[in-house]
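Hi everyone, thanks for making time. I have one structure to walk you through today, so let me put it on the screen.

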Amino acid sequence: MGLFIRDDPHYNENERQRGFDRYKQLLSIRFGPWWKVNLLALLGCAPLAAGIFYAIGVSSLLVLYPCAAIGGMIAGPFLAGMYDAVLRGLRDDPRPWRQCWKLSWKQNWKGGMLLGAVMGVLFGQYASLGMVLFWWAEVRPGLWTIALYLLGLVLILAANSLLWPQLVLFRQRASVRLYNAGLFFLLHFWRVLGAGLLQLAYWAVMVLFAPWTLLLLPVTGIWYIVFLSQFLLYEQMDDAFHIEERFEAGDA
């Protein structure tokens, strides 16, 4: 793993590392499978992005909500597959990525469609609101308006970081998933908020520097920011939900 980072003579890729060495280890071992799942996830998210852009282009909420909901339902199982692949990598699941991706679809397509529809509508609404506030408005929005807008986005992204992992790891009711996410957020407020801010910064760069950043989508796309946010939260999530204990027992 010396392409971007100097090799450490004491680094052993065959042993589970900690800290930054663990980050390097996972990128070295899992980049290929995650990149392949990322391409599938981008394909699944394309209808959602196209629907939102079309609805904004025709300036119609009546078009936006069904397009965002249907697009989110399509994207949901693909996003679940992406989160499933990342979490399997974090807990060192040895099975081939194709087998895991098919298993994720079998287990998570219903829940993924529901959560995807909700998230699709939220992101569609925020995209539309962003155009109204920052592009079409004749008067520039105030600092408090911008701060509230960005805070809402951070909270949605943080919620994504907690809800999707539970969806792919556990069989539970949506109410339980929401309760767990809320409690985890309160217990690890700054870490979860930091993960949300990191995601906001990543996607803000993607949007602000488009269309040039579209060239990065096949390379870093969805997988890298999902991996980075889950990497930052995984140790605390494992402590809270006993992920690896359940996996070793065959329940996860």
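**A glutamine in the helix contact**

Let's begin with Gln199, which counts as buried at 4% relative accessibility. Please keep in mind that we are looking at a predicted model. Gln199 has its place in helix H6. Leaving aside residues up to four places away in sequence, Gln199 touches Leu157, Ser161, Ile225 and Ser229.

Two of those partners bring us to the neighbouring topic, the pairing of helices. Helix H6 covers residues 189-208 and helix H7 covers residues 223-241; their axes come within 10 Å and cross at roughly 175°. So how do the two run relative to each other, parallel or antiparallel? The crossing makes H6 roughly antiparallel to H7, because angles over 145 degrees count that way.

Which residues make the contact? On the H6 side they are Arg191, Val192, Ala195, Leu198, Gln199, Tyr202 and Trp203. H7 brings in Tyr224, Ile225, Leu228, Ser229, Leu232, Leu233 and Gln236. Sorted by character, the residues of this contact are 10 nonpolar, three polar and one charged.

Now let's step back to the whole chain. The protein chain has eight helices and zero strands, so if you read the elements from the N terminus on, you get α-α-α-α-α-α-α-α, given how helices and strands are assigned. Along the principal axes, the C-alpha atoms fill a box of roughly 60 × 40 × 35 Å. The radius of gyration is 19 Å, which agrees with the value near 18 Å for a compact globule of 252 residues. Of those 252 residues, 42% count as buried. And for those of you who like contact maps: among contacts between residues at least 6 apart in sequence, 72% join residues at least 24 apart.

Here is one example of sequence distance against spatial distance. Ala46 sits in helix H1, residues 19-57, and is partly exposed, with a relative accessible area of 39%. Ala46 and Ala75 are 29 residues apart in sequence, while their C-alpha atoms are 7.9 Å apart in space.

Last topic, the cysteines. How many disulfides does a search of the whole structure find? The search finds zero. For Cys45, which is in no disulfide, the nearest cysteine sulfur is that of Cys67, 15 Å away. Cys100 is in no disulfide either, and its nearest cysteine sulfur, that of Cys45, is 20 Å away. As for accessibility, Cys45 is buried with a relative accessible area of 16%, and Cys100 counts as buried at 7%.

That's my tour, and I'm happy to take questions.

Notes:
Residues are numbered from 1 along each chain as its sequence is written. This is a predicted model: local features need pLDDT of at least 70, side-chain atom pairs count only at pLDDT 80 or more; totals for chains, interfaces and linings use all residues. Side-chain values use heavy atoms; hydrogens and water are left out. A disulfide is a pair of cysteine sulfur atoms within 2.5 Å. Buried means under 20% relative accessible area, exposed over 50%, partly exposed in between (1.4 Å probe, protein chains only). Axes are lines fitted to C-alpha atoms, for helices over the stretch in contact, and angles run from 0 to 180 degrees between N-to-C directions. Helices (H or I, at least four residues) and strands (E, at least two) are DSSP runs, numbered from the N terminus. Angles under 35 degrees count as roughly parallel, over 145 as roughly antiparallel, 65 to 115 as roughly perpendicular and the rest as oblique. Contact means heavy atoms within 4.5 Å. Ala, Val, Leu, Ile, Met, Phe, Trp, Tyr, Cys and Pro count as nonpolar, Asp, Glu, Lys and Arg as charged, and the others, Gly among them, as polar. The radius of gyration is taken over C-alpha atoms; the globule rule is 2.2 Å times the number of residues to the power 0.38.
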